[in-house]
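The following report describes the overall build of a single protein chain, from its charges and dimensions to its nonpolar interior.

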Amino acid sequence: MTVRTGPRVVAVVLHYGDPDDTVAAVRSIAAGSWLDATVAVVDNDEEPDPDALRRRLDPTVRYLPAGGNLGYAGGNNLGLQLARELGADYAWLVNPDARAGVDALAELVAAADATPTAALVGSRLVAGTPARIRYDGAEIDVRSGETRLLREGMPADEAPAGAAIDTDYAHGASVLVRTARLPLLGLIPEQYFLYFEETDWALRARALGLRVLVAPRSVVVHERRSARRIPSAGYVYYMVRNREIFAATWGFDIDGARGVTDQFVSGWRRRLAQARPDLLDRYDALVAAARADGAAGVVGRSDVPDRLAMR
């Protein structure tokens, strides 16, 4: 392994729920080839146990209590603020259920350094054995705002791994942020609470003339802790509500966006009908509430997923 140094990086892992995940993510970063990285863990738990978590982390890891679940954007924004306070050139946002490859950070930095106008650089995400592509760039439909992942499902060893290329958005599971662009770009938009925030952020960057890249040589394993046969209420609610918010924010065709939502809703409903038909009434109520809140422009955290939990 070649040890690399250069621009200073603060790597931010957003902790929520599973300390095993968080510790494994931190260890994967520490095992990387990039030395100039300060690691910070933002504790986004509802009822944090900081002593228990910190005992499992190296003493050099910075611990930032969020004071509760602030969502993806709110929690990671604390890490971005720390990166600026420390004078870091870059902040690297890493999901707790992600495992960084040895050169993942080095390749992100190389791509960003080669493109001074790049504000955000995402990693290639893979999962499974043998590894298949989960994210390797994405497109946003200009009419409906639908997001489409490129090369999803392709065997990783068959996917091209050349230089970084432009993408419509960088996946939030592993994204390098150029801190010097934050005064112009702003922090991650917090109105979504969960889902669509990194998509909105990337569109903001591109609207400002900044570039958003994916670096295929930066490989991160992301098996998705949230993947399951039965969707969580939070996943359903925020995906349905926030697609409407996202479409309205960026002027996409609302009917087109709702058509994409219909496909999402019907797909999960078919799975539930087979796996847990007893949950269908609750699912329908959850979707109805999410649609109504999206149409009404309700943003931020909602208590609907707690009231209509999919159990």
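For the charge balance, Lys and Arg count as positive and Asp and Glu as negative, while His and the chain ends are not counted; each charge is placed at NZ of Lys, CZ of Arg, CG of Asp or CD of Glu. On this basis, the mean positions of the 37 positive and 41 negative charges of the chain lie 1 Å apart.

The model is predicted: local features need pLDDT of at least 70, side-chain atom pairs count only at pLDDT 80 or more, and totals for chains, interfaces and linings use all residues. Residues are numbered from 1 along each chain as its sequence is written, and side-chain values use heavy atoms, leaving out hydrogens and water.

Overall values are tabulated below.

| Property of the chain | Value |
|---|---|
| C-alpha span along principal axes | about 55 × 45 × 40 Å |
| Accessible surface (Shrake-Rupley, 1.4 Å probe) | about 13700 Å² |
| Carbon and sulfur share of that surface | 49% |
| Buried residues (under 20% relative accessible area, 1.4 Å probe, protein chains only) | 53% of 311 residues |

Contacts (heavy atoms within 4.5 Å) are counted in the chain at a separation of 6 or more, and 75% of these join residues 24 or more positions apart.

The largest nonpolar core, a set of buried Ala, Val, Leu, Ile, Met, Phe, Trp, Tyr and Cys residues joined through side-chain atoms within 4.5 Å, has 96 residues, and W92, L120, V121 and L176 touch the most other members. Helix α7 (residues 233-250) supplies the largest share of this core, nine residues. Beyond neighbours within four places in sequence, L120 contacts V175, L176, V177, L185, W201, A202, R211, V212 and L213.

Terms used: Buried means under 20% relative accessible area, exposed over 50%, partly exposed in between (1.4 Å probe, protein chains only). Helices (H or I, at least four residues) and strands (E, at least two) are DSSP runs, numbered from the N terminus.
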